[in-house]
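Colleague: Got a minute to go through this model with me? I'd like to hear about a few spots.
Modeller: Sure. Here it is.

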Amino acid sequence: MLITTLAAGAAGTEQYGLMKALEEGGPISWSTFIILVTMLVVSLYIMFTKLFEQQKIRNQYKRVHQSFWASNSLREGAAKLEKNSAYRQIVDDGLAAQEQHTKLTDPVEAHDWLHGSLARSEASINSQLNAGLAFLGTVGATAPFIGLFGTVVGIYRALIAIGASGQASIDKVAGPVGEALIMTALGLIVAVPAVLGYNWLQRRNKSISEDLSSFSNDVLGFLASNGAVKPTMRSTAGATTTTAGAAAVKTPARTTTGSSTMGSTGANPSQS
């Protein structure tokens, strides 16, 4: 009894399976199926390659904070970075802009010239990171409608079969309706990962763009001050030390016991 049931189920699967539905659908169903599968494969490829690129730049950012600003010069720090590093590209473009500024015949503020060059370098990197994401957005927006087109064709074929036979028997509508449902499901399978991947990668790109902008501003400050300005360590202890140092510069030392409350009394240094 069990063997007979399994055999009947296998026969039904062969009769109403995916390949059978595509064969009954003809060129339109096959074209829709191939388009959706191609969109799915390309979307997955873009998502994995962009994820790899983003993770690579994030690892570069960690190495920048570990060793770059401990160098004596930008060239020395750039030599510690990878050759194709995004952060090395910003440094190289900044150094090139500094050398080009001395060759300008029309006077331009050095700060404006350096800022524009670093901004172009940063925009170039962001453009490379965003390349391909437009395809994910397009797939997420159009894949359900492509699947819906296959659904409409399948329902139309089911209605034609009913009209030709004169009765709505299950054997006349099962194939076309099954084909229609398959196309709907395939359209959703393609669209949902594309939309999720697009939003996720965009959010990571925004975070990377903020890191690039921060590093670009630090490089600009270093170049504009001839190396006198470097970014401070982003740690709690460092921040506390910097604040205390600033307070010591602004507030003159006192030998009285009330020096701890001087800020609240508003004492004038000329009165001490």
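**Working through the model**

Modeller: Let me start with G77. Leaving out residues up to four places away in sequence, G77 touches F68 and S71. Keep in mind that this is a predicted model.

Colleague: OK. Where does G77 lie, in which helix?

Modeller: In α4, which covers residues 74-79.

Colleague: Is G77 buried or exposed?

Modeller: Buried. Its relative accessibility is 0%, and the cut-off for buried is under 20%.

Colleague: How far apart are G77 and V64 in space?

Modeller: 8.6 Å, C-alpha to C-alpha. In sequence, G77 and V64 are 13 residues apart.

Colleague: Let's step back. How many helices and strands are there in the chain?

Modeller: Ten helices and zero strands. So the order from the N terminus is just α, ten times over.

Colleague: What percentage of the chain do buried residues make up?

Modeller: 29% of the 272 residues.

Colleague: And the contacts? What share join residues at least 24 apart?

Modeller: 73%, counting contacts between residues at least 6 apart in sequence.

Colleague: Now pockets. How much space lies in the largest pocket?

Modeller: About 220 Å³.

Colleague: Which residues line the largest pocket?

Modeller: E53, K56, I57, Q60, N84, S85, A86, Q89, I125, Q128 and L129. Three elements each give two or more residues to that lining: α3 (27-67), α5 and α6 (110-130).

Colleague: Which element gives the largest share of the lining?

Modeller: α3, with four residues.

Colleague: How do the lining residues of the largest pocket divide into nonpolar, polar and charged?

Modeller: Four are nonpolar, five are polar and two are charged.

Colleague: Stay with α5 for a second. How far apart are its end C-alpha atoms?

Modeller: 23 Å. The helix has 16 residues, 86-101, so at 1.5 Å a residue it should span 22 Å. The two values agree.

Colleague: Which residues of α5 are buried?

Modeller: A86, Y87, I90, V91, G94, L95 and A97. There is a general reason to look at the spacing in such a list. An α-helix has 3.6 residues a turn, so residues three or four places apart point the same way.

Colleague: What happens at the start of α5?

Modeller: S85 sits there with a side-chain oxygen within 3.2 Å of the backbone nitrogen of Y87. S85 also lines the largest pocket.

Colleague: And α6? How many residues does α6 have, and how far does it reach?

Modeller: α6 has 21 residues. From first C-alpha to last it reaches 30 Å, close to the 30 Å expected at 1.5 Å a residue.

Colleague: Which residues of α6 are buried?

Modeller: L114, S117, L118, S121, E122, I125, N126 and L129. I125 and L129 are also among the residues lining the largest pocket.

Colleague: Which residue takes a positive phi just after α6?

Modeller: G132, at about 95 degrees.

Colleague: Back to α3. What about Q54, buried or exposed?

Modeller: Q54, in α3, has 1% relative accessibility, so it counts as buried.

Colleague: Which side chain makes a polar contact with the side chain of Q54?

Modeller: That of N205, at 2.7 Å. Leaving out residues up to four places away in sequence, Q54 touches L201, R204, N205 and I208.

Colleague: Different spot: T151. Which helix does T151 lie in?

Modeller: α7, residues 133-165. At 13% relative accessibility, T151 counts as buried.

Colleague: Which side chain does T151 join in a polar contact?

Modeller: The side chain of T184, at 2.3 Å. Setting aside neighbours within four places in sequence, T151 contacts A180, M183 and T184.

Colleague: What about L159, is it buried or exposed?

Modeller: Exposed. L159 is in α7 too, with a relative accessible area of 55%; the line for exposed is over 50%. Its C-alpha atom is separated by 9.6 Å from that of V177, 18 residues apart along the chain.

Colleague: Last one, M19. Where is the place of M19?

Modeller: In helix α2, residues 18-25. M19 has 46% relative accessibility, so it counts as partly exposed. M19 and W30 are eleven residues apart in sequence, and their C-alpha atoms are 9.6 Å apart in space.

Conventions: Residues numbered from 1 in each chain as written. Predicted model: local features only at pLDDT ≥ 70, side-chain atom pairs only at ≥ 80, totals over all residues. Heavy atoms only, no water. Expected span 1.5 Å × (residues − 1). Buried < 20%, exposed > 50% of the residue type's maximum accessible area, 1.4 Å probe, protein only. Polar contact = N/O pair within 3.5 Å; in protein donor to acceptor, adjacent residues only side chain to side chain. 1 Å grid on protein atoms, 1.4 Å probe; cavity = no way out; pocket = protein on both sides within 12 Å on 5 of 7 lines; lining within 4 Å. Points joined across faces, edges and corners; volume = space filled by probe spheres on them. Nonpolar A, V, L, I, M, F, W, Y, C, P; charged D, E, K, R; others polar. Contact = heavy atoms within 4.5 Å.
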